[in-house]
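Here are my notes on the structure, set out as numbered points. Please read them with the sequence and the model open.

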Amino acid sequence: MLSFFRKPLFSDYRFIFWVYASLTLLASIKVVFLEGSNNYSIFYHSLYHLLDGKSLYDLYPDEYSDHYHYAPTFAALFAPVFALPYSVGLFIWQFLFAGVWVYALYRMPLPKQQKVFGYWFGLHELFTSLVNSQTNPLIGAIPLFVFMSFEKRKPFWAAFFVVLGFNIKIYSLVAAALFLLYPQRLRFLASMLFWGIVLGALPILLTSPAKLLWQYEMWVRQLLIKSDHDKWANTSIHRLVHIFISPEVSTAIIIGLGVLLFCTVYVHINRYKERSFQLLMIASVLIFQVIFNPVSESPTYITAVTGVLCWWFCCPQTWLDRGLMISCFVLTVLSPSDIFPSFLREQFVKPYVLKALPCVLIWFRVVYLMHKPAPKAYLLHEPDALVYS
């Protein structure tokens with residue numbers, strides 16, 4: 001850790017939370033009063049389309065551009081926010097999602113120094129997501145909540161978070177991969193079924209069963225359209241493969257090989273209880289669901305960066321690891337900002353998808369480390385906090 005993070009002020013949670021609150025307020029003012037938010041407009045109007053029995057997935061150019069891509073449950077779940085006046089709801093939206101991510105990291109069983117590092121490293125990436133009024137901070141927090149629920153032997157709530165994430169962005173289902181590392185697997189699967197029914201049926205409070213079934217049909221159709229339409233506009237391993245290997249490699253092959261490699265780590269059943277293995281699994285889940293998503297965008301990377309932090313906290317931190325971490329900070333975190341030279345961003349980062357590259361390389365590093373025997377480790381004062389000697 002850099003000595004900077006050990007200074008009393010910069011490692012004080014109160015100061016860190018004040019910085020996060022101030023930047024969230026700044027992002028909210030920028031969005032509400034200066035630029036507007038097309039994303040939040042989509043979310044906001046989804047409630048009224050659901051209530052009126054209109055298709056959630058049609059275009060409504062007088063209200064917003066682009067399409068609504070979420071499950072019908074999303075509109076019902078956040079109805080208390082969307083029912084508020086537009087500007088009020090948008091302010092609450094920004095603070096809600098920033099707060100969830102901050103709280104999730106705070107609750108993780110990690111030493112304070114690692115949490116402090118995580119807050120400072122992830123600050124700019126969270127801001128990138130907030131100025132786009134995205135749901136991604138919650139998506140990045142969900143696997144952490146799933147992990148903590150499993151650790152507390154609460155598979156019922158682990159299932160809740162998985163299904164919640166699925167109803168916001170379907171690739172959150174990847175977090176369910178953690179269940180094989182823990183006991184009570186059948187209870188978890190039964191809980192998944194329970195929450196799937198409960199949350200899936202939630203919009204019935206706002207619409208009829210027939211209309212809801214119709215909305216789900218439209219949702220599936222819209223997801224297929226989006227995947228095909230955006231495959232050349234994504235920031236993921238798919239574009240890297242298409243640019244540097246061949247544009248003929250299909251999305252199904254890339255995802256299939258990724259899933260196969262992801263699952264190879266399950267052969268190490270004797271390591272499931274190791275904290276280092278568990279953190280690497282969380283890192284794999286968080287990074288995988290972004291880099292293998294064929295429609296990933298720049299604001300999505302708060303999720304991948306959360307995974308990078310989980311990897312960093314338990315990796316050997318060799319020269320290779322440090323190089324990867326620095327490249328992630330420069331290319332993934334800083335490249336969309338005004339700090340980064342615009343010439344380099346426009347001529348190299350965007351055309352060659354360099355924002356995604358460090359996270360892709362780190363994911364392969366994560367899988368490699370999960371196949372290696374764990375190095376010697378010891379516990380600090382925090383009973384659940386693992387660091388390498």
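1. Glu 346 and Arg 345 form a salt bridge whose closest N and O atoms are 3.9 Å apart. Because its relative accessibility is 39%, Glu 346 counts as partly exposed, whereas Arg 345, at 12%, counts as buried. Salt bridges with shared partners tie Arg 345, Glu 346 and Lys 350 into one network. Please bear in mind throughout that this is a predicted model.

2. How many salt bridges does a search of the whole structure find? The search gives seven. Side chains of opposite charge can pair when their charged atoms come close. One of the salt bridges joins the side chains of Glu 274 and Arg 271, at 2.9 Å from N to O. Glu 274 is partly exposed, with a relative accessible area of 27%, while Arg 271 is buried, with a relative accessible area of 6%.

3. Another salt bridge links the side chains of Asp 12 and Arg 14, with an N to O distance of 3.1 Å. Is Arg 14 buried or exposed? Arg 14 has a relative accessible area of 66% and is therefore exposed. For Asp 12 the value is 22%, which makes this residue partly exposed. Asp 12 also takes part in a contact at the start of helix H1, where one of its side-chain oxygens comes to within 2.8 Å of the backbone nitrogen of Arg 14.

4. Helix H1 itself covers residues 13–35, 23 residues in total. From first C-alpha to last, H1 reaches 31 Å, close to the 33 Å expected at 1.5 Å a residue. Just after H1 comes Gly 36, with a positive phi of about 75°.

5. Which residues of H1 are buried? They are Tyr 13, Ile 16, Val 19, Tyr 20, Thr 24, Ala 27, Ser 28, Val 31 and Val 32. An α-helix has 3.6 residues a turn, so residues three or four places apart point the same way. The packing partners of the buried H1 residues are helix H5 (86–107) and helix H6 (112–130).

6. H1 and H6 come up again at the second largest pocket, which holds about 500 Å³ of space. Its lining is made up of 21 residues, and those nearest the centre are Thr 128, Ser 298, Ser 335, Pro 336 and Ser 337. Two or more lining residues come from each of H1, H6 and helix H16 (342–349). H6 supplies the largest share of this lining, three residues.

7. Turning to enclosed space, rolling a probe the size of a water molecule over the atoms shows where empty space is left. The count comes to one cavity of 30 Å³ or more. About 50 Å³ of space lies in the largest cavity. Which residues line the largest cavity? The lining consists of Leu 105, Met 108, Leu 110, Leu 144, Thr 306, Leu 309, Cys 310 and Phe 313. Helix H14 (residues 301–314) gives the most to this lining, with four residues.

8. Two histidines in helix H2 deserve a look. His 49 is found in H2, which spans residues 38–52, and His 45 lies in H2 as well. His 49 counts as buried because its relative accessibility is 2%. His 45, with a relative accessible area of 19%, is buried too, since the cut-off for buried is under 20%. Setting aside neighbours within four places in sequence, His 45 is in contact with Glu 63 and Tyr 64. On the same basis, His 49 is in contact with Lys 54, Ser 55, Leu 56, Tyr 60, Glu 63 and Tyr 64.

9. Where does Trp 219 lie? Trp 219 is part of helix H10 (residues 209–229). With a relative accessible area of 8%, Trp 219 is buried. Residues up to four places away in sequence not being counted, Trp 219 touches Tyr 57, His 69, Tyr 70, Ala 71, Pro 72, Phe 166 and Ile 170. A polar atom of the Trp 219 side chain lies 3.5 Å from the backbone oxygen of Tyr 70.

10. A last point concerns distance along the chain and in space. Trp 219 and Asp 12 are 207 residues apart in sequence. Their C-alpha atoms are 45 Å apart in space.

Key
Residues are numbered from 1 along each chain as its sequence is written. This is a predicted model: local features need pLDDT of at least 70, side-chain atom pairs count only at pLDDT 80 or more; totals for chains, interfaces and linings use all residues. Side-chain values use heavy atoms; hydrogens and water are left out. The expected span of a helix is 1.5 Å times one less than its number of residues. Buried means under 20% relative accessible area, exposed over 50%, partly exposed in between (1.4 Å probe, protein chains only). Contact means heavy atoms within 4.5 Å. A polar contact is a pair of N or O atoms within 3.5 Å; within protein, one must be able to donate a hydrogen and the other to accept it, and residues adjacent in sequence count only if both atoms are side-chain atoms. A salt bridge is a side-chain nitrogen of Lys or Arg within 4 Å of a carboxyl oxygen of Asp or Glu. On a 1 Å grid over the protein atoms alone, a cavity is a set of points where a 1.4 Å probe fits but cannot get out, and a pocket is an open set with protein on both sides within 12 Å along at least five of seven lines; lining residues have an atom within 4 Å of a point. Grid points are joined across faces, edges and corners, and a volume is the space filled by probe spheres set on the points.
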